[in-house]
Amino acid sequence: MRYVSTRSQAPVLGFEDTMLTGLARDGGLYVPETVPVMSQADIAALAGLPYEDIAFRVMWPFVADAFTEDDFAAMIARAYAGFGHDARAPLVQLAPGHHLLELFHGPTLAFKDFAMQLIGQMFDHALTRRGDKVTIVGATSGDTGSAAIEAFRGLDAVDVFILYPHGRVSDVQRRQMTTPVEANVHALALTGHFDDCQARVKDMFNDFAFRDRVGLAGVNSINFARVLAQVVYYFAAATALGAPHRTVSFTVPTGNFGDIFAGHIAKRMGLPIDKLVVATNQNDILHRCLTTGAYRVGDVTPSISPSMDIQVSSNFERALHLAYGGDGSAIAQLMAELKEGGFTVSQGALQALQDTYVSGRASERETSQAITDYLRRTGELLCPHSAVGVKVAEAHFGGAPMVTLATAHPAKFPDAVETATGIRPALPPRMADLFDRDERVTRVDNDLAAVEAVIEERRAA
Ligand SMILES: *Cc1c(COP(=O)(O)O)cnc(C)c1O
């Protein structure tokens, strides 16, 4: 499988280099040159298989040039062995025709573990074989960072630096990043918002001298390997509900657009998805863009669903690339306009986006109310991100069964859940001592040179 940049100006790469590189050197994101299509019979054969087997069959065409079948199967097995649920991604019914896909049974209690645990295995395998070392740098609004640190802690071939917005992540998220004791993981608390963290990471990738000197690698959701790992649970859920004989809709709490874009890939692979619903909180730039075509960057308003507090949604570039028929220069132009504050997508591209995605937003009050309501109606305690999802999903019922992605465990966001329900959700027993562990964190200014200096100093030479 060959991977091309959304902006067409970077080298075409195979899977392993795409994964190790992260961001393309022209500033774009790697996407598969063509998306492999699964036959209806092959999709039907997934029903009832263990999650690991579905993962292998769905991902294999994308990675076949990088690994042997046995090695890849072993990586998948190790990636999901630490999950706290045998089904890995269990479906729970909320109402007739409405299901919750619980993606929070991994080691850091958010869906990002699905991709990050596998990426940890794949990086380790590829780097060990090459005798290479890399410095992984990532920005996080909370969940990516903890998932990355958990996935890479203790691996010899990598140093990991995670930038998170100081004071803007939950206590559980912060402690998951600051308490691991391994010397190869480093939590950096940046003075600023998530978008600042993300911008500094992009700047580092565009500083080619620094990039080459430290062997920079990225595992943010711009890394196609992450998107790929997330395609799997769309197949697992849909086939459990009768696909390919029945179509299924999905609602996805969205921030950086990685998770929902994985659904788009699943659809292009032949999975009969009816609606793909982009659910946003009050930071609704994606909802506005998908409705009007105008993408105008404003200020981030902090919400009770912080992992979706975003104005610059990186993976949206991949959806635009498809909507523009793979026209890299059109995408480069839009992204140049984005630097000046925003862009408007063409009529044809907006139509293409709207053929794939619908969208909605939930206010803070609606989100909190949804947590209260669903506890009363179903006994499910939802995290605020999942609550945004179920609230927005309600406007899109009808026809196909709806699956809302539950992106985090309620105990990861206990304050919002307690405010809505009076119940303070407990951490699963396997991490009950999180608040007793010592923290280790470095404060940094929102300044490229300062961040780079810390990384050069701390990484193992
Ligand atoms: C990361 C995250 C999201 C947003 O996912 P994207 O792939 O960035 O759209 C939603 N909910 C939670 C809990 C997350 O951690």
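**Pockets and a ligand site, reasoned step by step**

Modeller: In this predicted model, the residues that line the second largest pocket divide by class into 16 nonpolar, four polar and six charged.

Colleague: How much space lies in that second largest pocket, and which of its lining residues are closest to its centre?

Modeller: The second largest pocket holds about 440 Å³ of space, and of the 26 residues that line it, Val169, Ser170, Asp171, Pro306 and Phe413 are the closest to its centre. Two or more lining residues come from each of helix H7 (171-178) and helix H18 (414-421), and the largest share, three residues, belongs to H18.

Colleague: What makes Val169, Ser170 and Asp171 fall into one class or another?

Modeller: Val counts as nonpolar and Asp as charged, while Ser belongs with the others, which are polar, so Val169 is nonpolar, Ser170 is polar and Asp171 is charged.

Colleague: How much space lies in the largest pocket, and which elements give two or more residues to its lining?

Modeller: About 660 Å³ of space lies in the largest pocket, and the elements that give two or more residues to its lining are helix H8 (194-206), helix H13 (316-323) and helix H14 (328-339). H8 supplies the largest share, seven residues. Of the 30 lining residues, those nearest the centre are Ala199, Lys202, Val312, Leu338 and Lys339, and the whole lining divides into 13 nonpolar, eight polar and nine charged residues.

Colleague: Why is the space taken by the ligand called a cavity, rather than a pocket?

Modeller: The name cavity is kept for a space where a 1.4 Å probe fits but cannot get out, whereas a pocket is open. The space taken by the ligand is the largest cavity, and therefore a probe of that radius placed there, with the protein atoms alone considered, could not get out.

Colleague: What makes the pair formed by Lys112 and the ligand a polar contact?

Modeller: An N or O atom in the side chain of Lys112 is 2.5 Å from an oxygen atom of the ligand, and because the limit for such a pair is 3.5 Å, the pair counts as a polar contact. Backbone N or O atoms also approach ligand oxygen atoms, at 2.7 Å for Asn256 and at 2.9 Å for Phe257, so both of these pairs pass the same limit.

Colleague: How much of the ligand does the protein bury, and which residues come nearest to the ligand?

Modeller: Taken alone, the ligand exposes 380 Å², and the protein buries 97% of that. There are 15 residues around the ligand, and Lys112, Asp143, Gly255, Asn256 and Thr407 come nearest. By class, this shell has five nonpolar, seven polar and three charged residues.

Technical notes: Residues numbered from 1 in each chain as written. Predicted model: local features only at pLDDT ≥ 70, side-chain atom pairs only at ≥ 80, totals over all residues. Heavy atoms only, no water. Near = heavy atom within 4 Å. Polar contact = N/O pair within 3.5 Å; in protein donor to acceptor, adjacent residues only side chain to side chain. Areas by Shrake-Rupley, 256 points an atom, 1.4 Å probe, with all protein chains shown as cover. 1 Å grid on protein atoms, 1.4 Å probe; cavity = no way out; pocket = protein on both sides within 12 Å on 5 of 7 lines; lining within 4 Å. Sits in = over half its atoms within 2 Å of the grid points. Points joined across faces, edges and corners; volume = space filled by probe spheres on them. Helix = DSSP H or I, 4+ residues; strand = E, 2+ residues; numbered from the N terminus.
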